[in-house]
Amino acid sequence: MGVEGCTKCIKYLLFFFNFIFWLAGGVILGVALWLRHDPKTSSLLELEFDGAHAPSTFYISVHILIAVGAVMMVVGFLGCYGAIQESQCLLGTFFACLVILFACEVAAGIWGFMHKDTVSKEMINYYDSVYEKAVAESIVDLDKKRAAASVLKVFHETLSCCGKGQGSTFMTKFTDVLGLTDLCPSSGTLTSCHTRIDELFTDKIYLIGLAALVVAVIMIFEMIFSMVLCCGIRNSPVY
């Protein structure tokens with residue numbers, strides 16, 4: 001091919017980083033699909049009570065991640081092929097795609113940082129509303145109370161928790177012991193569900209943030225290498 005010396009080294013470095021970028025896209029796609037179908041999150045986010053569904057903010061973010069992972073795999077392949085073929089057109093297209101992806105990632109990162117607690121807060125509020133109906137509904141609304149209790153039981157069994165914390169946890173356990181309710185999990189744990197919900201979604205958000213940071217670093221190197229290689233191809237006497 002036409003490039004020689006340091007430019008040829010840049011060419012293979014770009015191919016290597018593109019291959020890593022392609023793999024990262026596959027990993028993000030895989031992680032996003034795992035988050036989408038994870039038994040814990042799925043069982044909670046698919047709950048419905050009194051016509052109201054659980055907050056869908058988390059699933060919206062996951063669907064965006066699925067799209068990003070798929071696009072990254074396509075762009076990574078484009079960069080690999082452009083580097084090997086030493087095509088200025090493909091490399092220019094690859095660079096433009098990287099700039100767009102990087103801008104979107106920065107915007108998504110800023111939005112995610114500003115709303116990092118939104119998912120867990122929405123789910124906690126949903127849990128609290130169901131909990132209040134399950135333990136405080138009048139005998140007239142017995143069917144609604146049973147429906148709330150069944151939704152609450154899913155929360156407790158899935159997360160191995162019971163109650164909102166402090167007094168409510170012990171009160172719920174006490175009514176279970178008396179046979180008035182059947183809300184706490186079979187494991188018998190007394191951990192607050194607020195704590196469990198916060199841990200569940202916070203851990204996953206940090207996982208997404210770490211993956212995004214690694215991809216952003218790779219993209220910066222790729223943009224630099226693609227421009228250097230493009231300039232080297234343009235200045236090569238063969239072209």
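**View 1. Tyrosine 81 and its ring partner in helix H3.** In this predicted model, tyrosine 81 is partly exposed, because its relative accessible area is 44%, between the 20% that bounds buried residues and the 50% that bounds exposed ones. Its partner here is phenylalanine 77, and the two form a stacked aromatic pair. The ring centres lie 6.4 Å apart, and the planes meet at 15 degrees. Where do the two residues sit relative to each other along helix H3? They are four residues apart in this helix, which spans residues 57–85, so about one helical turn separates them. Phenylalanine 77 counts as exposed, because its relative accessibility is 56% and the cut-off is over 50%.

**View 2. Aromatic rings of helices H1 and H8.** The structure holds nine aromatic pairs. One of them joins phenylalanine 17 and phenylalanine 221: their ring centres are 5.4 Å apart and their planes lie at 15 degrees, so this pair is stacked. It links distant parts of the chain, as phenylalanine 17 belongs to helix H1 and phenylalanine 221 to helix H8, 204 residues apart. Are these two residues buried or exposed? Phenylalanine 17 counts as buried at 18% relative accessibility, while phenylalanine 221 is partly exposed at 39%. Both residues also belong to one aromatic cluster, made up of Phe16, Phe17, Phe221 and Phe225.

**View 3. Asparagine 18, a buried residue of helix H1.** Helix H1 covers residues 5–37, and asparagine 18 is found in it. Asparagine 18 has 0% relative accessibility, so it counts as buried. Which residues does asparagine 18 contact, once its neighbours within four places in sequence are left aside? They are Gly76, Gly79, Cys80, Phe94 and Glu222.

**View 4. Helix H8 from end to end.** Helix H8 takes in 43 residues, from 193 to 235. How does the expected span of H8 compare with the distance between its end C-alpha atoms? At 1.5 Å a residue, H8 should span 63 Å; the end C-alpha atoms are 63 Å apart, so the two values agree. Look also at the start of H8, where a side-chain oxygen of serine 192 reaches to within 3.2 Å of the backbone nitrogen of histidine 194.

**View 5. The two sides of helix H7.** In helix H7, residues 167–177, the buried residues are Ser168, Thr169, Thr172, Thr175 and Asp176. Seen down the helix axis, these buried residues fall within an arc of 135 degrees, so they line one face of H7. What does the face turned away from the buried side carry? It carries the exposed residues Phe170 and Val177. After H7 comes glycine 179, whose phi is positive, near 85 degrees.

**View 6. Alanine 148 in helix H6.** Alanine 148 lies in helix H6, which runs over residues 142–159. With 0% relative accessibility, alanine 148 counts as buried. Its C-alpha atom is 7.1 Å from that of tyrosine 131, although the two residues are 17 residues apart along the chain.

**View 7. The whole protein, for orientation.** Finally, step back to see how the close-ups fit together. The protein has eight helices and two strands, and along the sequence they follow the pattern α-α-β-β-α-α-α-α-α-α. Of its 239 residues, 39% are buried. Among contacts between residues at least 6 apart in sequence, 78% join residues at least 24 apart. The accessible surface comes to about 12,600 Å², and carbon and sulfur atoms account for 70% of that area.

Note on methods:
Residues numbered from 1 in each chain as written. Predicted model: local features only at pLDDT ≥ 70, side-chain atom pairs only at ≥ 80, totals over all residues. Heavy atoms only, no water. Expected span 1.5 Å × (residues − 1). Polar contact = N/O pair within 3.5 Å; in protein donor to acceptor, adjacent residues only side chain to side chain. Buried < 20%, exposed > 50% of the residue type's maximum accessible area, 1.4 Å probe, protein only. Contact = heavy atoms within 4.5 Å. Areas by Shrake-Rupley, 256 points an atom, 1.4 Å probe, with all protein chains shown as cover. Arc of directions from axis to C-beta. Phe/Tyr/Trp six-rings, centres within 6.5 Å; stacked < 30°, edge-to-face > 60°.
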